[in-house]
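Reader: Hello! I would enjoy a close look at one part of this model, with everything joined into a single answer.

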Amino acid sequence: MTHLNILEKAEFIKEHTEKESTGTPTELAQRLNISERSLYRIISSLKNMGHPITYSRCKQSYCYENKKGKAQL
């Protein structure tokens, strides 16, 4: 994966996390055509940059803990 490609995937994750429409980690990884491990690395990087991303089992989607506290990528 190139750096630009990673940034595009991170942006996709952020957009769909905002909408709470990512689906499960397996589904999201398949949509992005990456492994689940790569997905977890990208999400970990986003968290390290200040994005309070969590996974909701009830919603079966990643979501933001606090929408007001999001950082910009």
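How many salt bridges does the structure hold, and where do they sit?

Author: Happy to walk you through them. This is a predicted model, and the structure holds two salt bridges.

Let's begin within one helix. K14 pairs with E11, and their closest N and O atoms are 3.4 Å apart. Both residues belong to helix α1, where they are three residues apart, about one turn of the helix. The two partners differ in exposure: K14 is buried, with a relative accessible area of 8%, whereas E11 is partly exposed at 31%.

The other pair is E20 with K59, whose closest N and O atoms are 3.0 Å apart. E20 lies in the loop between α1 and α2, while K59 lies in the loop between β1 (53-56) and β2, so this salt bridge ties together parts that are 39 residues apart in sequence. Here E20 is partly exposed, with a relative accessible area of 27%, and K59 is partly exposed too, at 47%.

For the surroundings, turn to the largest nonpolar core. This core has 13 residues, and I13 and L39 touch the most other members. Helix α1 (3-18), α2, α3 and β2 (61-64) each supply at least two of its residues, and the largest share, four residues, comes from α3. Leaving aside neighbours within four places in sequence, L39 is in contact with I13, P25, L28, A29, L32, I34 and Y62.

Methods. Residues numbered from 1 in each chain as written. Predicted model: local features only at pLDDT ≥ 70, side-chain atom pairs only at ≥ 80, totals over all residues. Heavy atoms only, no water. Core = buried A, V, L, I, M, F, W, Y, C linked by side-chain atoms within 4.5 Å. Buried < 20%, exposed > 50% of the residue type's maximum accessible area, 1.4 Å probe, protein only. Contact = heavy atoms within 4.5 Å. Salt bridge = Lys/Arg side-chain N within 4 Å of Asp/Glu carboxyl O.
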